[in-house]
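The report below describes how two protein chains are put together, beginning with the surface between them and moving on to the sheets and the helices that lie against them.

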Amino acid sequence: MKEEKKKLDPEIKKLVLWRLDTVPKHFKLSIGREGTFDKEELKEHVEKEDKIGLQIVEMQLKFIKAVSSGELSKVLAEA
Amino acid sequence: MTKPILITRSSYDDATSYLFYYAGIVMKEAEGKGIKVIDLKRPNLTLGRFTSAIKEKQPQFIFFNAHGDEDAIYGDKIGEKEEVLIKENINHQLLDSKLVYARSCWAAASLGKACKGGCFIGYSLPFNFWIDERWSSKPQNDNTARWCLEPSNLIVSSLFKSNTAEEAVTKSINMSKKNMLKLLKIQNEPGVVDIIAVLWNNMQCLEIIGDKEMKFE
């Protein structure tokens with residue numbers, strides 16, 4: 001039986017799309033062999049929930065969790 | 001006398017052209033210190049030249065600037081195809097007993113763990129960086145990319161100063177933290193949080209596999 005593709009939680013998707021909306025227009029993110037993407041392209045990949053989109057979501061979520069858990073602040077306070 | 005360093009420098013898209021430029025900076029540092037550099041770039045960045053350089057010149061330190069996967073590191077793009085330089089279970093033994101820094105995505109996830117007897121520094125997830133597209137043809141003028149690429153260059157500069165692999169990585173991580181703090185102090189600058197997020201992720205997936213006490217000497 002073909003495994004059904006796991007859908008992103010709509011609230012998480014919305015959160016990441018909102019985060020990406022704040023990226024300056026002239027910024028492009030280099031994601032290795034996948035290429036270099038501006039904010040509209042990043043948002044498109046997240047909308048489609050494709051491989052690149054899921055990588056972006058994972059990266060954003062890790063950072064948001066580090067901020068909200070205080071881990072980032074702790075690391076920077078000890079710098 | 002110090003054994004040579006082998007540096008691979010592909011340059012065929014935005015990401016690799018930035019890595020090419022930043023690797024050039026540390027290459028000049030090496031030359032200034034009298035370290036012999038084997039600079040593999042187009043048209044010499046091929047599997048054949050890479051293999052013979054390792055076998056004949058016996059570099060102790062190999063610094064990849066390239067795209068990567070969990071099980072491979074690439075060289076140049078020939079036609080539409082990227083040539084594989086190192087592939088796990090095919091020729092990864094070329095890296096055994098070497099000090100390796102792979103400025104490539106994913107390579108520490110599996111390939112780095114297959115290499116024995118040396119030290120492999122790399123990233124277990126994608127190594128990302130932001131570029132300012134207004135400067136993409138002149139990486140030297142791009143102050144956005146600098147935040148993420150200078151800490152990675154520091155790994156190599158520190159190894160040139162006889163730091164251990166662990167000391168070099170610690171210095172790089174400390175520079176990333178200092179960059180984050182500097183960015184936080186910049187007011188009204190769009191994109192600051194985005195750069196911090198990428199610095200954070202790169203820091204989190206930077207790994208040292210093998211002998212952490214290994215030095216380039």
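## Contacts between the chains

In this predicted model, ten residue pairs, both members at pLDDT 80 or more, are in polar contact between chain A and chain B. On the side of chain A that touches chain B, at least two residues each come from strand S1 (27–31), helix H3 (51–69) and helix H4 (71–77) of chain A. Sorted by character, the residues of that side of chain A comprise 13 nonpolar, six polar and six charged.

Counted by contact, 25 residues of chain A meet 36 residues of chain B. The two chains bury about 2800 Å² between them, and 65% of this area lies on carbon and sulfur atoms.

## Salt bridges

Over all chains the structure holds 17 salt bridges, and the count between chain A and chain B is three. One of these links the side chains of Glu82(B) and Arg33(A), with an N to O distance of 2.6 Å.

Another salt bridge is formed by the side chains of Asp194(B) and Arg19(A), at 3.1 Å from N to O. Asp194(B) belongs to helix H6 (residues 192–204) of chain B, while Arg19(A) belongs to helix H1 (residues 10–21) of chain A, so this pair joins two chains.

## A sheet built from both chains

The chains also share a sheet: three strands in the order S2(A)-S1(A)-S8(B) make up an open sheet with antiparallel pairing. Its edges are strand S2 (36–38) of chain A and S8 of chain B, each of which has a single partner strand, so that one side of each is left without a neighbour in the sheet. Ignoring direction, neighbouring strands of this sheet are turned against each other by 30° on average.

Two helices, one from each chain, pack on this sheet. Helix H2 (residues 39–48) of chain A touches S1 and S2 of chain A together with S8 of chain B, and the direction of H2(A) makes about 100° with that of S2(A). H1(B) likewise touches S1 and S2 of chain A and S8 of chain B, its direction making about 90° with that of S8(B).

The link across the chain boundary within this sheet is the pairing of S1(A) with strand S8 (residues 128–132) of chain B, which is antiparallel and runs over five bridges. Within this pairing, Lys28(A) has Ile131(B) as its bridge partner in S8(B).

## The sheet of chain B

Chain B has an open sheet of six strands, ordered S2-S1-S3-S6-S7-S9, in which the pairing is mixed. Strand S2 (37–41) and strand S9 (206–210) of chain B stand at the edges with a single partner strand each, so one side of each has no neighbour in the sheet. From one strand to the next, the twist averages 15°.

At one end of that order, strand S7 (residues 119–123) of chain B pairs with S9(B) in the antiparallel sense over five bridges, and Tyr123(B) stands opposite Leu206(B) in S9(B). Helix H1 (residues 14–32) of chain B lies across strand S1 (5–9), S2, strand S3 (61–65) and strand S6 (99–103) of chain B, and runs at about 160° to S1(B). H1(B) is thus placed against this sheet and also packs on the sheet that S8(B) forms with S1 and S2 of chain A.

Key. Residues are numbered from 1 along each chain as its sequence is written. Chains are lettered from A and ligands numbered from 1 in the order in which they are written. This is a predicted model: local features need pLDDT of at least 70, side-chain atom pairs count only at pLDDT 80 or more; totals for chains, interfaces and linings use all residues. Side-chain values use heavy atoms; hydrogens and water are left out. Contact means heavy atoms within 4.5 Å. Buried area is the accessible area (1.4 Å probe) that two parts lose on being put together, summed over both. A salt bridge is a side-chain nitrogen of Lys or Arg within 4 Å of a carboxyl oxygen of Asp or Glu. A polar contact is a pair of N or O atoms within 3.5 Å; within protein, one must be able to donate a hydrogen and the other to accept it, and residues adjacent in sequence count only if both atoms are side-chain atoms. Helices (H or I, at least four residues) and strands (E, at least two) are DSSP runs, numbered from the N terminus. Ala, Val, Leu, Ile, Met, Phe, Trp, Tyr, Cys and Pro count as nonpolar, Asp, Glu, Lys and Arg as charged, and the others, Gly among them, as polar. Two strands pair if DSSP finds at least two bridges between them. Axes are lines fitted to C-alpha atoms, for helices over the stretch in contact, and angles run from 0 to 180 degrees between N-to-C directions.
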